[in-house]
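Here's a quick briefing on the enclosed spaces and charged pairs in this one. Have a look at the structure first, then go through the points below.

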Amino acid sequence: MKKTVLASVITGAFFLTGTAAAQQTLQLAHNAAEGNPKWDASERFAELVEEGTNGQLVVDVGGNAQYGDDMEALTQMRMGTLAFSTNSQGATSSVVPQFSVLGLPFLFDSLSSAWKVMDGEVGDELKRLSEEKGLVLLALWDNGIRHVSNNVRPIETPEDLEGLKIRTPPDEMTVDIFEALGANPTPMNFSELYIALEQGVVDGQENPLMNIHSSKLHEVQDYISLTGHKYESTPLLISKMVWDTLSPEHQEVIQTAAVEAGEFNRQASLEADEALRSEMEEAGVTFNEVDTELFIEATSSVYDQWAEEYPELVELVVQAAQSGSQ
């Protein structure tokens, strides 16, 4: 029987022998370093997809922004030239602004309460909004509760942030929070952050402990202040153009794998936050607690700003967060 070889622009190369598909390769982009829960869960997702399709689908994972940073990945997915991305909430909000609402200041008091909200009506709404922009939201993984690090002084009250140049993701919510706290927020791609801290381009940054540790940011930071100022998710997305080319059976495998790998990611995130503080303290970083009530008061205006823009979604998220923490 004559073999027919087809090349797919959307998903890489795949091969047909007669009418039976042998293998299709789908690229997945993310910006995390090895050892980060996002890295490990992305590899787990790839394994589950290959196992579930008996090798018909192979997910080629490119970590450390190998296939582009988060913003580039979003553009490629919407064009259909990249299949997947375990993206960031900040970057995703540049396409679907409503994702930012998950990052309202001090919204969640624990990771588990954030997960309850994302797995309910809020997650369903974000999925609907994503599809309108050419992206299919497969699952909301975890990217932790965020803290501030810097090289100038411990941050104990909002006044300690005044005038400090703090790198943020390209995310309006985070910028709004740090403006309210009196800092000088400086949006920057994560891949540029280590060098920017090392060279003093910015004084500090904000991230969960797992991101600080896996990307070795603690090597170029003196202080980590446990502000817990916001939560961020990790949206696992697939290009709708690619999704629509897949069989219902393969779609089901991918969806199931996304949720299972997400559970792995969430557990790894929870364990990382509990384990990493002592390791970074041994490396010479000074940790400190903050007066949380002062930070909550200083950022209350952020709720008013976002409620004006997205009143129904803000109300939904706030009510769900309050219910989830009870």
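The largest cavity has a volume of about 270 Å³. Keep in mind that this is a predicted model. With a cut-off of 30 Å³ or more, the cavity count comes to two, and a search of the whole structure turns up 13 salt bridges.

**The largest cavity**
- Its lining is made up of 23 residues, and N31, D70, S88, R167 and F190 are the ones nearest the centre.
- Helix α2 (70–79), strand β6 (135–150) and helix α8 (209–214) each put at least two residues into that lining.
- Sorted by class, the lining of the largest cavity has 10 polar, seven nonpolar and six charged residues.

**The second largest cavity**
- This one has a volume of about 30 Å³.
- Around the second largest cavity you'll find L104, F106, L107, F108, I145, G228, K230 and Y231.
- Strand β10 (residues 223–239) gives the most here, supplying three residues of the lining.
- The class split for the second largest cavity is six nonpolar, one polar and one charged.

**Salt bridges within a helix**
- E47 pairs up with R44, and their closest N and O atoms are 3.3 Å apart.
- Both E47 and R44 sit in helix α1 (residues 37–52), three residues apart, or about one turn of the helix.
- E47 is partly exposed at 40% relative accessible area, and R44 is partly exposed as well, at 25%.
- K127 and E131 also form a salt bridge, at 4.0 Å from N to O.
- That pair belongs to helix α5 (residues 121–132), with their positions four residues apart, about one turn of the helix.
- K127 has a relative accessible area of 27%, so it counts as partly exposed, and E131 is partly exposed at 33%.

**A salt bridge between elements**
- The side chains of E289 and R277 meet in a salt bridge at 3.3 Å, N to O.
- E289 is in the loop between β11 (286–288) and α11 (292–298) while R277 is in helix α10 (residues 248–282), so this pair ties together parts 12 residues apart in sequence.
- E289 is exposed, with 52% relative accessible area, whereas R277 is partly exposed at 28%.

**A shared network**
- R146, D171, E206, K230 and E232 are joined into one network by salt bridges that share partners.
- K230 is a residue to spot twice, as it is also in the lining of the second largest cavity.

Technical notes: Residues numbered from 1 in each chain as written. Predicted model: local features only at pLDDT ≥ 70, side-chain atom pairs only at ≥ 80, totals over all residues. Heavy atoms only, no water. 1 Å grid on protein atoms, 1.4 Å probe; cavity = no way out; pocket = protein on both sides within 12 Å on 5 of 7 lines; lining within 4 Å. Points joined across faces, edges and corners; volume = space filled by probe spheres on them. Nonpolar A, V, L, I, M, F, W, Y, C, P; charged D, E, K, R; others polar. Buried < 20%, exposed > 50% of the residue type's maximum accessible area, 1.4 Å probe, protein only.
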